[in-house]
Structure formats: C-alpha cells, structure tokens
Amino acid sequence: MTKALGILLTGKKTAMDSLIQKVYSAVKGALNTIYKKRKRMLFFQKIMWIITGVYFVLMLLNMGVNYFPNLENSFLSFFKQFQATPSNPYANIYPFMGLIVVLYPTTYLFTKAFQKFKIKETETISKMVQLLFPKVEFTQGVTAPSKEIAKSKLFAWVKANSPIYSYGQIRSTQNNVVVNIADIGIVEENVYNKFLEGLMRIPFLNMFAILYQFVLKNIFTNKSADAVYFTFRGMFCWLSFKKKLNGHTVILTNNQSSKLDRFFSSNFKEEQKINLEDPRFTNQFLVYSTDQIEARYVLSTALMERIVALKEKFDQPILLSFQNQQMYLAVENANGLFSFPSGKLDTIKIIEELANDIETALDIATELKLNLS
Amino acid sequence: MQMLENLPWYGYVILAIAIISYGYRYFKTAKEGYDEADLKKAKFKTSEESTLSKEQQFAIALYTPIAEWWGADTNTLTFLDPKSSNRYLKRWRMDTKEGYWGMTEYFMKDGRRWYFDFIYNMIKTQPEEKWDALMKDYFGDNERAFNYLKILKTNKALNELKQKGFISFDSEMDLGIAGYDAATLVGQARKAYTTNIITEEEAFKVIKFARKLALEHFSSWEEFGKSFILGFAFDQQHAESSYREEVYHIYKQVLENDQSPWNTINW
C-alpha cells in the first residue's frame, strides 16, 4: 500500500515537473517583458517620489526661512527670493508652478508604465495558472473575500471597513470538497499604523511622519505602488467540512507581534490561550480558542504534526483557524501569490514556487487529513 | 477686482487654465454628478392585510430587489399605487391589455434568456469569425441581440458584477438569466394587477408560471440571485449607471439582511 502510494506520488511529481517545464517555455518571453516593464515602472515610481520628496523638503525650508530673518550668506538665504515682497508679490507661486511642471509629466509616465506592467502581469499569471492547473477555476478583478477574512479571525485588526484587495482567486472542487484560494493584501489598523496615525496629528512631527510614510517608503521600496502599505500580503484559503464546531480556534505564528496584536485588539476578548503539549508545535505556533476542550479535540497530536509539516512545505509563516464548518489558512508571501517578485524573472523557480504553493493549498484537506465528514 | 488687475502675466494664464478646467468639469461631468446614485436602505415593508399563501409569498419574493428599489410591500400582490405602476407599464408599452399580454407572453416563452443562452453558448463554443453569420442566422437584424453580443463579448456586465463581489467566477454565467425573466414577470403582473389591466386570477397565473420557471432552473436563493443580477446587469447596461448602482446596493441587502424575504422564506 505504502509502496503503491510512493509510486503514485513520484509519478505525480514527475508529471508536475514536466508541466512546469512546459509552462516555463510558454511564458519565458513574457516573464522577460514583465521584468523590463517592472524596472521601468519602478524607475518612474522612484523619480516621482524623489521629486515630491525634494519639493516637500524645499517647501519646509522655504517656510522655515521666516523664522530666521537675520540669516545672510547661508544656505537658507537662497529661499528668500521665494518670499513675497511688495515688488514681487507672487514670488511664492514659483515653487508651486515648478512642482506642477516637473511632477505632471513624471506622474503621467509612471501611471502609463504601471498600467502596462499590471496588464502584462495579470495576463501572464492567468496563463500560468490555467496551464498548470487546467481543472481549477481562476478569476481576476474580483473583490476580496472580506466576509471570509473577517470570519476567520486570523487578523486581529481587520474591521468591516478595512481595505482588503484581491489579486486573483482560485476555486477547485475535488471529491465534493470546494477549496478557495485568494491572493490578498490587507491594510490593517494595527499597533504600528495606529501609532503613525497618532503621529500625524502632532504638529511639526507630522511633517516627518508624512516624509517617511508617503515619500521615503515609496522611494526605497522594490514593491509596486499598490503593495507598499500592506500589513499582510499572501495567500488566503478557505474550505468547508461537515463537522460543526461550536467555538473557534485560531493558530498563529509564535512571535511577539502576534501576542501584542491579540493583547491590544478589542476584537478578540473572548478567547483564551491554549497550552498544548507538543513542543515542536508550541515553539512555532500560538493557539487561542473560545473552547478549551474543542481546541484540544481539533488539534490532535497528529494534526499538530501535520501543521508543522505544512509550514515547512510552504516555507513561509502560516496562520490557521477553525470555526463552525470552515477551515481558514493564511500563508504570508511578501510578493503575493499572483504577483511576481522583484529581480530577474526568467527562471523556472518562479513557476515552481507558484505551482508548489497552489498545489499544497489545493491538497490542504488531504495534507491535514481533515475529518470532513 | 483690484487684486486681479495686479496679477502678473502668468497669473492670468493660471486663472484662464483654472476657469477652462472648471468649465470642462462642469459641463462634461456635472451631469454624472447630478445623476449620482441614491443608495437607499432596504426596508422590507410588509402589509398586515396580506392574505397570500406561502407559495404566493415565495413567488412575490422573486422580485424583491426591484420591488425594494420602488419601496413596495414584500407580501402583497398590489404594487404601490396605480399611478406609480402605470408609469412603469407605460414605459414598457404595457399599459393596455394587449400590450401587457404581448410582453408577458414574450417573457414567458423567450424573455431575455432567449438572447443570453444562444449568444453565451456561441461565444463559448464557436470561433469568433463565425459569430456574425451565426447571429444573423438566428436573430436576423435584431439590434438588441447585437447589443447583447457586445456586452457579453467585452465582459462588461460580468466585470461590473465581479467588482461588486456578486459573481466570482466566469463559470457562474452558466446559471443563465432565467432568474431575471422570472422576477420581471412577477413585477409586471403585480403592476398590471394594481392598474386593473389584469384580474387577480390572471396575475397569479403569471406569477405561478414565474415560480415554476425559477424552481426548474435553480435550487437556492443564492443561485436564483446570481441569475437575477446577471440578467439585470446584462439587460440594463444601456441604463444610467446610477440606476444599476442603486439596484446593486439593494440587491446586496436582499442577500444579506436577516429581514429579507430571501432569508426568511425557504427556497
């Protein structure tokens, strides 16, 4: 039986390897084009924000001159020519005009480059997914599964109006089990963002906050403009099973950030921390549940081992939750599942990673050997 | 005014650009601003005088999203008042017995599903170069059919529904739009009864047909709802986008609100 399963799995792997090779040959040219388009888009993105940043600083200095009226022969005295005087009452308009003249064409070029890059990226991703997994349904341009994300309780700061973006969604039906996989980006009102929001309300300090949050971040990032502010980016997967659970059990990455988020968030006051025995599992994960007994029933020793193995397979932080008749899984992926990473793209590794992530998620019910009946 | 007299030359340039840009926005987009969607909260009004059976209430509920848009009761055959109902019927040229039955027989026999089913299957199964000939063979010079082809070919309605979160996958279009036809039949029968164009018995005959049509095609409110909204988006692409926005807003509430007939009456 084990030998037969081994042969089956080896056969499956060989078939997938040859499919990956085939897909790579089909999209190699497109990957190269996307790399060039991304480079061009990032160039204009940086230029646009550098101009904005420089102007922002110059405007601050220009305003600062008023506070140092006796400065002669210094750097700041340069800005005196932009102060309104009776002989030149509109001198302070010059910097604004300059900003418009320089920023307008750069913004236009960036927008065009961004559109072209995104169109090519979505087309190529769609082609890759359809070639790799012809039996699944794939969609783009659809709204994010906000209801499922909120219900999962995986994200401590997600509220009804939190901005959630979707980069594509897969639905697969196998043996009456429907697995949904979405690539999502969330901007949460977490501790960091709340702190920044507070900073924005303090005069003078808010100048530096704006400079950091909206200018420097965009200049020094290699992410495209739409993905700079996400607090979570990656795969979100959900599936139903027949067994009804009364409470909800959430499994999070064991780190300070998860603990802090849980502590400060008002969304999750009913849950208790569950202390489990498996050290391999507890070293990596934190478990919170509304029902101690049910959490231990759900998280059997075997399931804990499989979750650890699943994390290794994804090679990324994973979050899981069980509620009612649903299981939710989130896998962090800074580049996103249906977006390409920065750097050279003409490598087969890109296709291998996409295939591995989708395949693992599609097999999640089998991987975790969930009792679906 | 004195301030304007002292402007430097570039000041006048900026002022001119600002006036032109404001004028452009005013004349070009002011209309859209005027037609901004009026997003209403669904009330799911019920009349205490209702005498409808469970079956009849179920059939009346098929038309809920549009009935809510009008603000009509959810459990009566009467639809608002004769004046409002007649306004609708006039627009569809159904304000006479002949006009009503002509349109109703069309919706019972063919409806919008006649167009949708053929064009959707043609796009799915036939190469694009054959479409024109196939369309002419089937529809002749029917202008509506060619408009629908354009909508389906460009995925205009589908993309709109995906962005709203009502449809996720292209395959959901396989449901067809019989749900929209069934809902339309119910709505028209209610209005025609309210304006005394048809009798109560005649209205319930049509409504019974609509109920049968819905039950034959769908097995849940969710399926019916998708078919309804797909048909609505497909058929109403020519209408003001604000009207579609308003109905989408109501439809979402009909799906989610606990008081909605779609959540209180079993399929």
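## A tour of chains A and B, starting at Asn155(B)

With 15 C-beta neighbours inside 10 Å, Asn155(B) counts as partly exposed, because a residue is called buried from 20 such neighbours upward and exposed at 12 or fewer. The model on screen is predicted, and every value in this tour is computed from it.

**Stop 1: the loop at Asn155(B).** Keep Asn155(B) selected and display its backbone. The residue lies in the loop between α9 (143-153) and α10 of chain B. Its phi is near 60 degrees, a positive value in a residue other than glycine.

**Stop 2: where the chains meet.** Now select helix α10 of chain B, residues 156-164. This helix gives four residues to the side of chain B that touches chain A, the largest share of that side. Across the whole contact, 11 residues of chain B meet eight residues of chain A. Colour the chain B side by class: six of its residues are polar, three are charged and two are nonpolar.

**Stop 3: chain B as a whole.** Show chain B alone as a cartoon. The view has 15 helices and zero strands. Along the principal axes, the C-alpha atoms of chain B fill a box of roughly 80 × 55 × 35 Å. Of the 267 residues in this chain, 36% are buried. Take the contacts in chain B between residues at least 6 apart in sequence: 77% of them join residues at least 24 apart.

**Stop 4: a helix pair in chain B.** Select residues 111-125 and residues 178-194 of chain B, which are helices α7 and α11. Their axes are 8 Å apart and the packing angle is about 170 degrees. An angle over 145 degrees counts as roughly antiparallel, so α7(B) and α11(B) are roughly antiparallel to each other. To see the contact, show side chains for Gly111(B), Arg112(B) and Arg113(B) on α7(B), and for Ala178(B), Tyr180(B) and Asp181(B) on α11(B). By class, these contact residues are three charged, two nonpolar and one polar.

**Stop 5: Ala178(B).** Stay on helix α11 of chain B and centre the view on Ala178(B). Is this residue buried or exposed? Ala178(B) has 23 C-beta neighbours inside 10 Å and therefore counts as buried. Leaving out residues up to four places away in sequence, Ala178(B) touches Arg113(B), Leu213(B), His217(B) and Ser227(B). For a distance check, draw a line from Ala178(B) to Lys45(B): the two are 133 residues apart in sequence, and their C-alpha atoms are 26 Å apart.

**Stop 6: chain A as a whole.** Switch to chain A. The cartoon has 11 helices and nine strands. Its C-alpha atoms fill a box of roughly 95 × 50 × 30 Å along the principal axes. Buried residues are 27% of the 373 in chain A. Among contacts between residues at least 6 apart in sequence, 73% join residues at least 24 apart.

**Stop 7: strand β8 of chain A.** Select residues 318-323 of chain A, which form strand β8. Five of these six residues are buried, so the strand is largely enclosed by the rest of the structure. Add strand β5 of chain A, residues 248-253, which pairs with β8(A) in the antiparallel sense over four bridges. One bridge to find is that of His248(A), whose partner in β8(A) is Gln323(A). Next add strand β9 of chain A, residues 326-332, which also pairs with β8(A) in the antiparallel sense, here over six bridges. On this side, Phe322(A) has Met327(A) of β9(A) as its bridge partner.

**Stop 8: the turn at Asn324(A).** Which residue in the hairpin of β8(A) and β9(A) takes a positive phi? Select Asn324(A), in the loop between β8 and β9 of chain A. Its phi is about 50 degrees, although the residue is not a glycine. The hairpin has two residues between its strands. Asn324(A) is partly exposed, with 14 other C-beta atoms within 10 Å.

**Stop 9: the nonpolar cores.** The largest nonpolar core has 73 residues; those with the most contacts inside it include Phe155(A), Met235(A), Ile251(A) and Leu329(A). Helix α1 of chain A, residues 2-64, supplies 10 residues, the largest share of this core. Centre on Met235(A): among the residues it touches are Ile181(A), Ala330(A), Leu337(A) and Ala361(A). Another core, of 63 residues, lies apart from this one; Leu185(B), Ile229(B), Phe232(B) and Ala233(B) are among its members.

How values were computed
Residues numbered from 1 in each chain as written. Chains lettered and ligands numbered in written order. Predicted model: local features only at pLDDT ≥ 70, side-chain atom pairs only at ≥ 80, totals over all residues. Axes fitted to C-alpha atoms, helices over the stretch in contact; angles between N-to-C directions. Parallel < 35°, antiparallel > 145°, perpendicular 65-115°, else oblique. Contact = placed C-beta atoms within 7 Å. Nonpolar A, V, L, I, M, F, W, Y, C, P; charged D, E, K, R; others polar. Pairing = 2+ DSSP bridges. Core = buried A, V, L, I, M, F, W, Y, C linked by C-beta atoms within 7 Å.
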